[in-house]
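Student: I should like to learn how to read a protein model step by step. Might we begin with the overall picture and then proceed to the details?

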Amino acid sequence: MAVPGVGLLTRLHLCTQRRTRVQRPVLRLLSCPGTVAEDLRRDEQPPGSVETGFEDKIPKKRFSEMQNERREQAKRTVLIHCPEKISEKKFLKYLSQHGPINNHFFYESFGLYAVVEFCQKESVHSLQNETCAPSKGIEAAIPFRSRFFNLKLKNQTSERSCVQMSNQLPPSSKKLFQVLCDAESIDDQLNTLLKEFQLTEENTKLRYLTCSLIEDVAAAYFPDCIVRPFGSSVNTFGKLGCDLDMFLDLNETRNLSTHKTSGNFLMEFQVKNVPSERIATQKILSVLGECLDNFSPGCVGVQKILNARCPLVRFSHQASGFQCDLTTNNRIALTSSELLYIYGALDSRVRALVFTVRCWARAHLLTSSIPGAWITNFSLTMMVIFFLQTRSPPVLPTLDSLQTLADAEDKCIIEGNNCTFVRDLNRIKPSENTETLEILLKEFFEYFGNFAFNKNSINIRQGREQNKPDSSPLYIQNPFETSLNISKNVNQSQLQKFVHLAQESTWILQQEDLDGPDTSGNRSWGLVALLLPSGANRKSVGKKKSKKATSEKIKVLLESIKSNRTENFTDTNGKRNVSTQT
Ligand code: GTP
Ligand code: MG
């Protein structure tokens, strides 16, 4: 294989920093034709990352296009556990014996790791062919040939560590609060929060690479399988540190017999039959769980959760640091991810608002990583989308209108459910709504602080409130399996907590309007005040609040006397009472 110029490679370390628009020209120098880096040069937009504020100028990729490019990129990529002290220049020179390198970065996760993307897939085979099995120690090694390597130094003392690390973690609360306090406006705060938390280019690459490594393991049983990331890793709403949802797609294997017919004959594979799809799913996942546990390097804490509504295998991928959930027979979730990707890409305000609401909910313990009666991030995202559909003019189109825009190619029925919607982002008209993020955030809290949860449901298909079909405290219609409620798990007390916090947040943002911008530089303002625990908020604004509550009550009393009608303000805190009883 040709050895590219080392001078060029030494410039690669610049790419290990977080990507910014300023750094992209470096990629131009390095891109190989026909690769994702070449596309970056063409589009000035990494696939799968939708930046805010530039939407109108950027050609928008279809979800499937973005996924295919990322997958192809991951197949040319290897993961290497490196010694603590390594010379980046020598490391790259050594690897480039196997072919030109398109991109690389280093990160830390209980050790130093390098992600190296070659320009060609053959380079990976070349590297594998030169790699040896570990020398025998006290323990016996199970032979396994993958794209996950261990690099050792022959001469321990001669190397210096001089690599730059790519950050894979969300900011600390301290740093976050500092950058938020330094922002110029609430709009600026929301956009800053998005920038701090959104998945970086490197983190996205690592997610696709992890799926690709798991696919190699699954391919031992199902040679044509694809392991696809879904959920927040790909729907544009992922925060650094979020889990990695994986879908084992066996469609190719399943469809093989349907199109290979000749004359009067139809040849079918001999297969084992089981009583139901669910049992088939459980068997497949059970075997893969065993396989990951016993043979796949870096997969630890493998749990088979096969009796869940959606059976899954959960494990930690130690090297990447991702908590992974592997499912199969879960195609609708992949389609939901595609729909959210579209909504996230349509308007720059959507992601900023969703990230803020998700962070707000997490800060107030409304969401949790443990399953329970809490609202999930998926439900919160649906609530934000629904709210944005109800604005006048709407910020986002309804799912029904996205269905109307669909063409024959977009037609999609999964298990009898209509999952048709337009996939080409360029065919959706931009919104005429010009409301600021600050207004939208305030209105979001106001809207849900007063929502008639006791009788109405949330429905992004139609973008308007509808009667609840059952007595679940919170009813958010599943967009594709329309008879299901995605928030069925939420109990009355969690809903009430959400409503209470939404009301409190409306109040805090109203105070911002009254107080004006803070000039002292030491007050928690705007988003920071919203993210602080309720107790902390009360402490800082308590005095003003009681004054405000009294004046509110007097105002209301006067008005009710004037109009001779009873107002619905009975709360001692001066808040409007909202019934959330079913
Ligand atoms: P994170 O909390 O950041 O992981 O968000 P997420 O969107 O990835 O949520 P999660 O990991 O819980 O679920 C992954 C995906 O599964 C979601 O994005 C949805 O597509 C789908 N999903 C999750 N919960 C439900 C549900 O209750 N009903 C349906 N139909 N799909 C769900
Ligand atoms: Mg997830």
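The dialogue below treats the chain, two groups of strands, a ligand site and some buried residues.

Student: What should I keep in mind about the origin of this model, and how many helices and strands does the chain have?

Tutor: This is a predicted model. The chain has 19 helices and 15 strands. Of its 582 residues, 52% are buried.

Student: What share of the contacts with a separation of 6 or more joins residues 24 or more positions apart?

Tutor: Such residues account for 68% of those contacts.

Student: How are strands held together in a sheet, and in which order do the four strands of the open sheet stand?

Tutor: Strands of a sheet pair through backbone hydrogen bonds, in either a parallel or an antiparallel manner. In this structure, four strands form an open sheet in the order β2-β3-β1-β4, and the pairing is mixed. The strands at the edges are β2 (101–108) and β4 (148–150); each has a single partner strand, so one side of each is left without a neighbour in the sheet. From one strand to the next, the twist averages 20°.

Student: In which sense do β1 and β3 pair, and over how many bridges?

Tutor: Strand β1, residues 77–82, pairs with strand β3, residues 112–118, in the antiparallel sense over six bridges. To locate this pairing in the model, find Thr77, which stands opposite Glu117 in β3.

Student: Which helices accompany this sheet?

Tutor: Helix α5 (residues 88–95) lies across β1, β2 and β3, and runs at about 135° to β2. Helix α9 (residues 201–218) also packs on the sheet, where it touches β1, β2, β3 and β4. The direction of α9 makes about 100° with that of β1.

Student: I should now like to study hairpins. How many residues lie between β9 and β10, and how many between β10 and β11?

Tutor: A hairpin may be read by following one strand, then the turn, then the next strand. Strands β9 and β10 form a hairpin with six residues between them. Strand β9 covers residues 299–305 and is joined to β10 by five bridges, the two running antiparallel. Within this pairing, Val300 has Ser316 of β10 as its bridge partner. The hairpin of β10 and β11 has four residues between its strands, and Gly321 in the turn has a positive phi of about 80°. Strand β11 covers residues 322–328 and runs antiparallel to β10, with five bridges joining them. Here Arg314 stands opposite Asp325 in β11.

Student: Is Leu312 buried or exposed, and which residues does it contact?

Tutor: Leu312 is found in strand β10 (residues 312–317). Its relative accessibility is 11%, so Leu312 counts as buried, the cut-off being under 20%. Leaving aside neighbours within four places in sequence, its contacts include Leu285, Ile305, Leu306 and Asp325. Leu312 and Asp325 are 13 residues apart along the chain, and their C-alpha atoms are separated by 6.3 Å.

Student: Where does Leu402 lie, and is it buried or exposed?

Tutor: Leu402 lies in helix α15 (residues 399–404). At 0% relative accessibility, Leu402 counts as buried. Apart from neighbours within four places in sequence, Leu402 is in contact with Leu339, Ile342, Tyr343, Pro397, Phe421, Val422 and Ile428.

Student: Let us turn to the bound groups. Which residues are the protein donors of the magnesium ion?

Tutor: When reading a metal site, one identifies the protein atoms that serve as donors. For the magnesium ion, ligand 2, these are Asp243 (OD) and Asp245 (OD), lying 2.1 Å from it. Asp243 is partly exposed, with a relative accessible area of 28%, whereas Asp245 is buried, with a relative accessible area of 13%.

Student: How many residues surround ligand 1, and which are the closest?

Tutor: Ligand 1 is surrounded by 14 residues, the closest being Ser232, Asp243, Asp245, Asn377 and Asn478. A polar side-chain atom of Asp245 lies 3.0 Å from an oxygen atom of ligand 1. For Asn377, an N or O atom in the side chain is 2.8 Å from an oxygen atom of the ligand. Ala333 offers a polar backbone atom, 3.3 Å from an oxygen atom of ligand 1.

Notes. Residues numbered from 1 in each chain as written. Chains lettered and ligands numbered in written order. Predicted model: local features only at pLDDT ≥ 70, side-chain atom pairs only at ≥ 80, totals over all residues. Heavy atoms only, no water. Pairing = 2+ DSSP bridges. Axes fitted to C-alpha atoms, helices over the stretch in contact; angles between N-to-C directions. Contact = heavy atoms within 4.5 Å. Donors = N, O, S within 2.8 Å, 3.2 Å for Na, K, Ca; no water. Buried < 20%, exposed > 50% of the residue type's maximum accessible area, 1.4 Å probe, protein only. Near = heavy atom within 4 Å. Polar contact = N/O pair within 3.5 Å; in protein donor to acceptor, adjacent residues only side chain to side chain.
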